[in-house]
Amino acid sequence: MPNQKILYVTTEMFPYQEESNMAMMVNKMALKMHQEGNDVRVFMPRFGLISERKFQLHEVIRLSGMNIIINDLDQPLIIKVASLPGERLQVYFIDNEEYFKRKQYYFDDKGESFSDNDERAIFFARGVIETIKKLNWVPDIIHINGWMASFIPIYLKNYYKTDSYFSDTKIVLSMYNEKDALFEDNIKEKLEFDNIKDLKALENPTFQNFVVESMKLVDTVVKGDEFLEENLDKAYEESDTKKFDYVSGDSINEVY
């Protein structure tokens, strides 16, 4: 299946994160598709734990400089890029001093969820979409990995619903067992600022429920972990979206 434009949007990828199944899966899928002759790009947050020097990240000036308004506040979007070590595969990093400089992912040193995780997810989703449009590169497939990336289909099908840029793009969602947490109550107001309302996930706004919400908005759902936690597995089984059971990174072309 060569000559496809495939965009991976993920919160984890090896070697930038080393220990999770998601990080290894995204690495395998992206490399597999890249080596088969597809035009593959990866977008992920530039978390503070990712060493810019070690992985040779550099800012892309022509893509940076946009401001994204989150809850009536202007937040500057910085785009950095690196090649996957040993490969000619470009990884783009969404960066912002306010949201991604800290040295933890979603929880502080006491295990408490960051109060701005919702804003970080909104910024990431809109940052990816706006950057892809600025690249003038229309993906055939967007493959979503991680709860933060699940805001992408929610924004594409609501905030960007009159935008025809992605009208022929198919969206694949991989579901993983991730630590769950509750968003702050004011997430509803932040989404309504972008004219996004009436989401079932807002009745109990957790990371997991936003993944479940996005399942309704994608073309295909895949198990990223072979065995899902009970709530996720129930949502997966009950979903009317086209489904694939667990598929290894080496066999992902069966899904595409």
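So, let's start at Ile69: its bridge partner in strand S5 is Asp74. Keep in mind that this is a predicted model. That pairing belongs to a hairpin, where strand S4, residues 67-70, runs antiparallel to strand S5, residues 73-76, and four bridges join the two. What sits between the strands? Two residues, and Asn71 in this hairpin takes a positive phi near 55°.

Okay, on to the core. Nonpolar side chains tend to be buried together in soluble globular proteins. Here, the largest nonpolar core has 92 residues. Which of them touch the most other members? Those are Tyr8, Tyr16, Phe151 and Phe210. If you're wondering which element gives the most to this core, that's helix H4, residues 117-135, with nine residues.

Let's stay with Tyr8 for a second. If we leave aside its neighbours within four places in sequence, Tyr8 is in contact with a whole list of residues, including Val26, Met29, Ala30 and Met33. Val40, Arg41, Val42 and Phe43 are also among those contacts, and so are His143, Asn145, Ile252 and Tyr256.

Last stop, the pocket. The largest one has a volume of about 320 Å³. It's lined by 14 residues, and the closest to its centre are Lys200, Asn209, Val212, Glu213 and Lys216. Two elements give two or more residues to that lining: helix H7, 207-215, and helix H8, 230-238. Which gives the most? H7 does, with four residues. And what's the lining like by class? You get six charged residues, four polar and four nonpolar.

Definitions and conventions
Residues numbered from 1 in each chain as written. Predicted model: local features only at pLDDT ≥ 70, side-chain atom pairs only at ≥ 80, totals over all residues. Heavy atoms only, no water. Pairing = 2+ DSSP bridges. 1 Å grid on protein atoms, 1.4 Å probe; cavity = no way out; pocket = protein on both sides within 12 Å on 5 of 7 lines; lining within 4 Å. Points joined across faces, edges and corners; volume = space filled by probe spheres on them. Nonpolar A, V, L, I, M, F, W, Y, C, P; charged D, E, K, R; others polar. Core = buried A, V, L, I, M, F, W, Y, C linked by side-chain atoms within 4.5 Å. Buried < 20%, exposed > 50% of the residue type's maximum accessible area, 1.4 Å probe, protein only. Contact = heavy atoms within 4.5 Å.
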